[in-house]
Amino acid sequence: MAEDRMQQQRFELKYMIKEGVALAVRDFVSSYLEIDEYAATLPNFSYPVHSLYLDSNDLAIYNTTINGDKNRFKLRPRFYDNRKEAPIFFEIKRRMNNIIMKQRGGVRRNAVDLLLAGHLPEPAHLVSRDPRQLVVLQYFCKLMHGARARPKAHIAYLREAWISPRDNSVRVTLDREVKCEPEPVARLDTRMDRPVLVFANEVILELKFTDRFPDWFKQLVRVFNLMQCGAAKYAEGVMRVGEARIMRTFVVDDPEPSHPQSGPSAEAAGARER
């Protein structure tokens with residue numbers, strides 16, 4: 001497996017910009033960072049990202065974002081293509097006040113339905129022998145069961161990622177063409193039937209750093225007159241599609257409302273972020 005470049009704990013600032021500004025930001029950022037190896041040869045330096053967001057039947061996880069809860073989490077299997085041998089990354093993204101924490105473990109595709117159905121994770125389900133990934137997967141399942149979370153929405157977009165050639169302290173991403181559609185089962189297919197474009201033609205710029213806000217980040221914000229904002233892809237996607245439409249796409253087998261709990265952190269995963 002490729003080297004893990006995921007920032008497991010970081011600060012994250014988001015900005016909505018037009019495509020013309022995004023191209024100018026790319027030129028600016030290229031003086032400090034290098035393009036992610038997965039996107040270097042792809043059109044517009046971007047690779048596709050697909051996530052299956054899990055939530056309860058009453059959308060309790062979605063509502064923690066809408067309500068602005070300081071401590072909250074999201075659960076999402078993430079994938080990048082349709083190859084049978086390609087892993088599915090079970091990700092936990094947690095916010096603790098202003099800090100973002102991400103953990104994930106790569107799972108074999110044929111194990112996804114078993115895990116989402118409630119089976120306990122086993123080492124054979126993972127693509128890595130790193131025991132930390134099994135710990136993350138167990139924690140994912142604990143949160144999933146506690147929140148009574150099931151597949152709810154497929155979010156897809158094109159990501160342009162710039163990384164530091166020296167360490168993992170700084171990362172810049174540009175996300176384009178964010179789309180959302182209801183997804184009540186784990187199809188894990190990159191094809192979408194009738195997706196809704198979430199942010200129109202705007203680009204989401206994210207500045208991610210693990211320690212202090214770099215001086216050149218300050219310069220970038222000043223030069224392009226950027227205004228920080230929220231841009232939660234899942235929450236905005238549900239609003240665009242319609243809460244009622246998302247809530248209609250499940251079998252009524254668990255009428256009780258759920259109350260997601262943040263719980264203690266598990267050890268960090270060992271799979272590389274893309």
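## Helix α6 and its end

Helices here are DSSP runs of H or I that span at least four residues, and they are numbered from the N terminus. The model described is a predicted one, and its helix α6 covers residues 233-241. Within α6, the residues K233, Y234, A235, G237, V238 and V241 are buried. As background to such a pattern, an α-helix has 3.6 residues a turn, so residues three or four places apart point the same way. Just after α6, G242 takes a positive phi of about 110 degrees.

K233, which is among the buried residues of α6, also takes part in a contact between a charge and a ring, since K233 lies over the face of Y157 at 4.7 Å from the ring centre. R104 is placed in a comparable manner over the face of F89, at 3.9 Å from the ring centre.

## Aromatic pairs

When rings are paired if their centres lie within 6.5 Å, the count comes to 15 aromatic pairs. One of them joins Y47 and Y80, whose ring centres are 6.3 Å apart and whose planes stand at 70 degrees, so the pair is edge-to-face. Because Y47 belongs to strand β3 (residues 47-55) while Y80 sits in the loop between β4 (71-79) and β5 (88-96), the pair ties together parts that are 33 residues apart in sequence. Both partners are covered: Y47 is buried at a relative accessible area of 3%, and Y80 likewise counts as buried, at 8%.

F209 and F213 also form an edge-to-face pair, with 5.2 Å from centre to centre and 70 degrees between the planes. F209 is buried, its relative accessible area being 7%. These two phenylalanines belong to one aromatic cluster that also takes in F11, F28, Y32, W216, F217 and F224.

## Strand β6 and its partners

Strand β6 runs over residues 99-107 and is mostly covered, with eight of its nine residues buried. Nine bridges join β5 to β6, and these two strands run antiparallel; in register with this pairing, I92 stands opposite Q103 in β6. The hairpin of β5 and β6 has two residues between the strands, and in this hairpin N97 takes a positive phi near 60 degrees.

Strand β1 (residues 9-17) is likewise antiparallel to β6 and is joined to it by two bridges, and R10 stands opposite I100 in β6. Strand β6 is therefore bridged to β5 as well as to β1, given that two strands pair if DSSP finds at least two bridges between them.

Key:
Residues are numbered from 1 along each chain as its sequence is written. This is a predicted model: local features need pLDDT of at least 70, side-chain atom pairs count only at pLDDT 80 or more; totals for chains, interfaces and linings use all residues. Side-chain values use heavy atoms; hydrogens and water are left out. Rings of Phe, Tyr and Trp (its six-membered ring) pair if their centres lie within 6.5 Å; planes under 30 degrees apart count as stacked, over 60 as edge-to-face and the rest as tilted. Buried means under 20% relative accessible area, exposed over 50%, partly exposed in between (1.4 Å probe, protein chains only). A charge sits over a ring if NZ of Lys or CZ of Arg is within 6 Å of the ring centre and within 35 degrees of the ring normal.
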